[in-house]
Amino acid sequence: MGINQRTLSAAAFERATRVIPGGVNSPVRALRSVGTTPLFIADANRAYLTDIDGNVFIDFCMSWGVFILGHNNPAVSRRAIEAIQRGSSYGIPTEAETRLAESVREAFPSMQRLRFVNSGTEATMSAIRVARGFTGRDTLVKFEGNYHGHADHLLVSAGSAVANISTASSAGVPNDFTKHTVCLPYNDVEALEQYFLKHGDHVAAIILEPVACNMGVVVPSLDFLKATRRLTTQYGAVLIFDEVITGFRLAFGGAQQRFGITPDMTTVGKIVGGGFPAAAFGGREDIMALLAPDGPVYQAGTLSGNPVAMAAGLETLHQLAFPSFYEKLEGRSRQFIEELKQIIRGRDIQLNHCGSMFTLFFNAEPVRNFADARRSDQKRFARYFQRMLDRGIYVSPSQFEGNFISECHTDDILEYVLKSIKESIE
């Protein structure tokens, strides 16, 4: 693939910086950690992005995992357009909200009742509020390197774009906002058990990514996941699985289906909106009964349950529900991963993967937690990112992010990507 100079993107970025802080509306898009300036995209279709300079890139980020069916899936786009033609927002209920809620509950039986919001941040923030209301306790346990959105009390060791910021992961967050957030090492059963032994009676909830995706892909041990379930049950705390990324990605029923662990509450996002801003939080009926207007825990949103997002989500889940979908995606991903293992064999590079998600860590040692991930060589990753970009491949632009294989990544595309990876790490 021949790549043109990105002069129009550079000019667009310079213009954007005059009116948008950093020139972007989400920090990682600035591509500072990989030493370049952003792509400005003109259009996207299936596995490809086209920038305003006319460069075409194979997309392995897929809007951070959203497009498991590929960009601009014809049926999803058609449903969204039809919804827009009926009116893009009402602030009044529609039947589509109920139908999508029923589809989500079918995939995630643990979500006996659920409510739609507009983003993963809203979903996790709301789930935690409900959990605190249900237990009457304040303390929240999260894990280092797990990102649950940018609510003040969650920006503690939050991985991803804030991986290099110590203490609270943002300025402007008062200590009083994070004093009830306890951060423990991911995949460390002993540390979790010791904390609950001393403080378990004060814990309102544990929230975790059941497969971490914001320090790069880090797969939990089954013992660790079982410990979160056992200890929350023992001490009367709520177990929240943040499946904003893993939901509908690792299986139709997410990580909880894949690992056989049932949480009390779940958040889903990204895929559930079919490419439009949508997310949901839900859980056991007795917990969700506290949510207004039925109970005293308040949450609201003008655009929650937006009819366009509901239509796109319904069509997306309809396609994902076909029995062969995940079997085919898993098979293609497994073959890709096995060939990638051969390419990096004998090198100081770690490959972490789960289903159709993977990360290459430029690290001589296995990566099992955030401390391990942070020892990776980010300068080497930046060179790798640039070399892949030169070959017409857009991988997720951070050492602390995952890459996503989707239905539209054909065998020919994956073969070219493997060849490019081999060349780029030489």
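Which residue takes a positive phi in the hairpin of β11 and β12? The legends below refer to a predicted model, and the hairpin is treated in the second of them.

**Figure 1. Overall view of the protein chain, with 15 helices and 14 strands.** The radius of gyration is 21 Å, close to the 22 Å that the globule rule gives for 426 residues, so the chain is as compact as a globular protein of that length. The C-alpha trace spans about 60 × 55 × 50 Å along its principal axes. Of the 426 residues, 57% are buried. Taking contacts between residues at least 6 apart in sequence, 72% join residues at least 24 apart.

**Figure 2. Close-up of the hairpin formed by β11 and β12.** Two residues lie between the strands, and Gly355 is the residue that takes a positive phi, near 60 degrees. Strand β11 covers residues 350-354 and pairs with β12 in the antiparallel sense over five bridges. Within this pairing, Asn352 stands opposite Thr359 of β12.

**Figure 3. Close-up of strand β12 (residues 357-361) and its surroundings.** Five of the five residues of β12 are buried, so the strand is largely enclosed by the rest of the structure. In a regular strand the side chains alternate between the two faces of the sheet. In β12, Met357, Thr359 and Phe361 are on one side, while Phe358 and Leu360 are on the other, and both faces are covered. Besides its hairpin partner β11, β12 pairs with strand β14 (residues 403-404), in the antiparallel sense and over two bridges. Phe358 stands opposite Asn403 of β14. Thr359, for its part, stands opposite Asn352.

**Figure 4. Close-up of the second largest pocket, which holds about 750 Å³ of space.** The lining consists of 32 residues, and those nearest the pocket centre are Glu97, Leu114, Arg115, Phe116 and Leu291. Two or more lining residues come from each of the elements α4 (95-107), β4 (113-117) and α10 (285-288). Helix α4 gives the most, with five residues. Sorted by class, the lining has 14 nonpolar, 11 polar and seven charged residues.

**Figure 5. Close-up of Ser424 in helix α15 (residues 411-424).** Is Ser424 buried or exposed? Its relative accessible area is 1%, and because the cut-off for buried is under 20%, Ser424 is buried. Leaving aside neighbours within four places in sequence, Ser424 is in contact with Tyr384, Arg387, Met388 and Arg391.

**Figure 6. Close-up of Gly70 in the loop between α2 (62-65) and α3 (74-85).** Gly70 has 2% relative accessibility and so counts as buried. Which residues does Gly70 touch, not counting those up to four places away in sequence? They are Arg46, Met62 and Cys408. A further distance can be read in this view: the C-alpha atoms of Gly70 and Tyr48 are separated by 8.6 Å, and the two residues are 22 residues apart along the chain.

Key
Residues are numbered from 1 along each chain as its sequence is written. This is a predicted model: local features need pLDDT of at least 70, side-chain atom pairs count only at pLDDT 80 or more; totals for chains, interfaces and linings use all residues. Side-chain values use heavy atoms; hydrogens and water are left out. Buried means under 20% relative accessible area, exposed over 50%, partly exposed in between (1.4 Å probe, protein chains only). Helices (H or I, at least four residues) and strands (E, at least two) are DSSP runs, numbered from the N terminus. Two strands pair if DSSP finds at least two bridges between them. On a 1 Å grid over the protein atoms alone, a cavity is a set of points where a 1.4 Å probe fits but cannot get out, and a pocket is an open set with protein on both sides within 12 Å along at least five of seven lines; lining residues have an atom within 4 Å of a point. Grid points are joined across faces, edges and corners, and a volume is the space filled by probe spheres set on the points. Ala, Val, Leu, Ile, Met, Phe, Trp, Tyr, Cys and Pro count as nonpolar, Asp, Glu, Lys and Arg as charged, and the others, Gly among them, as polar. Contact means heavy atoms within 4.5 Å. The radius of gyration is taken over C-alpha atoms; the globule rule is 2.2 Å times the number of residues to the power 0.38.
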